[in-house]
Amino acid sequence: MTRAWFMWGLGALCYLTALFHRMSLSVAGLTAQERFGIDATGLAVFSVVQLVLYAVLQVPAGAAADRFGPRKSLALGMALMAAGSIVFAVATAYPAAMAGRALIGAGDAFLFVNVLRLAHNWFPGRRYALVAALTGMIGGLGQLIATAPLAALLTGFGWTPAFLAAGVITAVLLVAVALALRDGPAAAAREVPAEPLRVSLRHAWRNRGTRHAMWTHFTLMGAFVTFTAVLGQPYLVHAQGRTPAAAGALLTVVVAGFVLLGTVAGQVASRRPGLRAPMVASAAVVSVLCWAVLIVVPGPVPTPVLAPVLFLVGAAGAVSMLAFDLARSANHGHQAGVASGVANMGGFTFAVVAELAAGLLLDELLRHGVAAPPAYRLSFLVALAMALTGTARLLVLHRHAGVRSPHPEGVPEPAA
């Protein structure tokens, strides 16, 4: 079991790096606008391009995990992210910077589902929910590094040294993966599917648990990523009147909620799998209420009120990690990667649409003379509407269908 934890830990460390890269614009957004001479829409497009590639590549990344194993897939992802970070570090023009973010998004796509595949290969099914939650927690630490610590690095050393160092660290981890990582305890641990990808994808989608997993990730992770990836810092500065440093600290509170609640949710789901659906539905309602507060209440909201609201946004995002246990338990082992990829598409599809729409709406409001504080608050209306849609779907699933307790080895449930 010690070797299993080592293999998962190496993969999780790669995922930590991926989350740092993914969320690095959370505190660098205003600096990026100045460096590349872009408006709010241009800033949002950075994240949108990155997340579109991430979402589009989820099913291929899941198929690669099933067919070629996590070691090769993780190595590919780390190589792409290292290259992207170096390009982004030295870029002085918007097109070059966009190319760097695109490489980061493509590489990031191969990380999470392959770390989950490591967990599937190395651990028994009863531990999967906990290990998936721990993976999310480790990723949350990467997000924490991408908040106040990255802001300090940018202030102290500047743009190029900060992002160049991230690229070098990623390259070092790439070497470690190539030399030390193993797909499973034996060659037979990887269940290579005999069926074509389209068959695996069709079977995975027909399982109600896969669809429930996708809506879980859509609603909870989508709202979390929308706030933390790029929109949170400008909102906190312009709508809530915080300094960039204070905004970075408040973003840390959001990520802290994700980190602290992720393990708790995983432990509860491991012991009481029947509680997964109620936990997901409750977290969705909490997330919607928090977003409503961020939009409706005029700023600046006092920190003793704002900080708990932001913490709950992160905590609700942490519950999204249960999506992957829902997907695993609804599918055969050789379809686990594809099912995880389908689930993982949900939240990032939400984030792509919400971030781009928020940027367009914000620029339009500002052009029509709306003051910055209400304009930034109103730009979140798209995210709120999408969160409400996802929550409604989850409540229907919970009330009328639910998800039965999983078989420990992932025997799929009947299609709904």
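In helix H15 of this predicted model, the buried residues are Leu306, Ala307, Val309, Leu310, Val313, Gly314, Ala315, Ala316, Gly317, Ala318 and Val319. The helix itself runs over residues 303-319 and has 17 residues, and the distance from its first C-alpha to its last is 24 Å, close to the 24 Å expected at 1.5 Å a residue. The buried residues of H15 pack against four helices, namely H12, H13 (244-271), H14 (276-296) and H16 (322-329).

Helix H12, one of the helices against which the buried residues of H15 pack, spans residues 208-238 and contains Thr219. Because its relative accessibility is 1%, Thr219 counts as buried. When residues up to four places away in sequence are set aside, Thr219 touches Ala284, Ala387, Gly390, Thr391 and Leu394. With Gly390 there is also a polar contact, in which the side chain of Thr219 reaches the backbone oxygen of Gly390 at 3.5 Å.

Charged residues were examined next. Side chains of opposite charge can pair when their charged atoms come close, and under the rule applied here, which asks for a side-chain nitrogen of Lys or Arg within 4 Å of a carboxyl oxygen of Asp or Glu, the count comes to 3 salt bridges.

One of these salt bridges is formed by the side chains of Asp108 and Arg22, with an N to O distance of 2.7 Å. Asp108 belongs to helix H6 (residues 94-108) and Arg22 to helix H1 (residues 2-23), so this pair ties together parts that are 86 residues apart in sequence. Asp108 counts as buried because its relative accessibility is 1%, and Arg22, with a relative accessible area of 5%, is buried as well.

Another salt bridge joins the side chains of Asp325 and Arg276, at 3.2 Å from N to O. Since Asp325 lies in helix H16 and Arg276 in helix H14, the pair ties together parts that are 49 residues apart in sequence. Both Asp325 and Arg276 are buried, and the two helices that hold them, H16 and H14, are among those against which the buried residues of H15 pack.

A further salt bridge lies within a single helix, for Arg367 and Glu364 are both found in H17 (residues 336-367), where they stand 3 residues apart, about one turn of the helix. Their side chains meet at 3.0 Å, N to O. Arg367 counts as exposed because its relative accessibility is 60%, whereas Glu364, with a relative accessible area of 36%, is partly exposed.

Turning to nonpolar side chains on the surface, a patch is formed by Ile86, Val90, Leu164, Val168 and Val172, which together have about 400 Å² of accessible area. At least two residues of this nonpolar patch are supplied by each of two helices, H5 (70-90) and H10 (159-180), and the one that gives the most is H10, with 3 residues. Ile86, a member of the patch, lies in helix H5. Its relative accessibility is 35%, and Ile86 therefore counts as partly exposed.

Key:
Residues are numbered from 1 along each chain as its sequence is written. This is a predicted model: local features need pLDDT of at least 70, side-chain atom pairs count only at pLDDT 80 or more; totals for chains, interfaces and linings use all residues. Side-chain values use heavy atoms; hydrogens and water are left out. Buried means under 20% relative accessible area, exposed over 50%, partly exposed in between (1.4 Å probe, protein chains only). A polar contact is a pair of N or O atoms within 3.5 Å; within protein, one must be able to donate a hydrogen and the other to accept it, and residues adjacent in sequence count only if both atoms are side-chain atoms. Contact means heavy atoms within 4.5 Å. The expected span of a helix is 1.5 Å times one less than its number of residues. Patches are made of residues with over 30% relative accessible area and no salt bridge: like charges are joined within 9 Å, nonpolar side chains (Val, Leu, Ile, Met, Phe, Trp, Tyr) within 5 Å. Accessible areas come from the Shrake-Rupley method with a 1.4 Å probe; for residues, only the protein chains shown count as cover.
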